[in-house]
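Hi everyone, thanks for coming. I'd like to walk you through one model today, so have a look at the screen.

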Amino acid sequence: MELDGRVVLVTGGTRGVGAGIARAFLRAGARVAVCARRPPDAPVGAAGRTAEFHPVDLREPAAVREFFHDFAERYGRLDTLVNNAGGTPYRLLDDEEGGIERHARVLALNLTAPLTVSLAAHPLLRAARGAIVMIGSVSGTRPSPGTAAYGAAKAGLENLARSMAVEWAPEVRVNTLVLGMVETELSHLHYGDEAGIAAVGRTVPLGRLAAPDEIGEAAVFLASDRAAYVSGASLLVHGGGERPAFLDAATANATAANVPSINVPTADTATVDTVNVTVTTADKES
């Protein structure tokens, strides 16, 4: 298989998007390790194989260094690191509950932790001439009301990846997957029943939310030899993005033929954008 003999680590790989990424790498033949604060409810497996779980709090630099010391002894190599762990609750900037400390924790989980993990993993990746895949978000490229700290962190993560790609070349390739909305086991908490999820999916040009395993297939591509000359890149995996709200609000060229059956006003679009962050990433936080 394509990644036979290679070792892959997926942070936050116990559920949601992270589990989908782990399954894709298992199908590609890699030996997959996943890490999170808490173990998965059920083993993450695919193609008759199972990912190996390791507990670690990625926000603790000393714990991360110890983890990679043990990882080197156990596995002997690391070919691909997927920095997937992250997430945020919905919280307006001036929400007094928790104050700045809560926003700082969001930054730490979504930006500082991937930097910490990448630095600790660098010697192993350099020896294997490996790859890093950052899991970004469209929230890092547009306003992110209700999740401003998360959006800022994801914007920083994408820039960090581009800088890493330059500093660590040619031994280590570094790229970012920029995700839109993904349907996970927690989607019902944010979109409601199946009808609500389908309605949100219709706001995406491809007509649905992504599946976690589809994100995984994109990650496998960036880690594989097929992407050997791809570094410092940001790959959009968002189903075409979203229809601009102003097009639906405008009266020019409005005809029965081109007015969408579902008209999402600006305010509702903002709500979908921010809830998306929770669905695509909070379920990774373990």
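I'll talk about a helix pair and then about a cavity.

A word on the source: this is a predicted model, where local features need pLDDT of at least 70, side-chain atom pairs count only at pLDDT 80 or more, and totals for chains, interfaces and linings use all residues. Residues are numbered from 1 along each chain as its sequence is written, and side-chain values use heavy atoms, with hydrogens and water left out.

Let's start with the helices, meaning DSSP runs of H or I with at least four residues, numbered from the N terminus. Helix 2, residues 61-75, packs against helix 3 at an angle of about 25°, and their axes are 9 Å apart. Axes here are lines fitted to C-alpha atoms over the stretch in contact, with angles from 0 to 180 degrees between N-to-C directions. So helix 2 is roughly parallel to helix 3, a label used for angles under 35 degrees.

Which residues meet? Pro61, Val64, Phe68, Phe71 and Ala72 in helix 2 touch Thr116, Val117, Ala120, Ala121 and Leu124 in helix 3, with contact meaning heavy atoms within 4.5 Å. By class, that is nine nonpolar, one polar and no charged residues.

Now the cavities: sets of points on a 1 Å grid where a 1.4 Å probe fits but cannot get out. There are three of 30 Å³ or more, and the second largest has a volume of about 50 Å³, the space filled by probe spheres set on the points. Its lining, residues with an atom within 4 Å of a point, includes Arg91, His103 and Val106. Helix 3 (99-128) and helix 4 (148-167) each give two or more residues to that lining.

Technical notes
On a 1 Å grid over the protein atoms alone, a cavity is a set of points where a 1.4 Å probe fits but cannot get out, and a pocket is an open set with protein on both sides within 12 Å along at least five of seven lines; lining residues have an atom within 4 Å of a point. Angles under 35 degrees count as roughly parallel, over 145 as roughly antiparallel, 65 to 115 as roughly perpendicular and the rest as oblique. Ala, Val, Leu, Ile, Met, Phe, Trp, Tyr, Cys and Pro count as nonpolar, Asp, Glu, Lys and Arg as charged, and the others, Gly among them, as polar.
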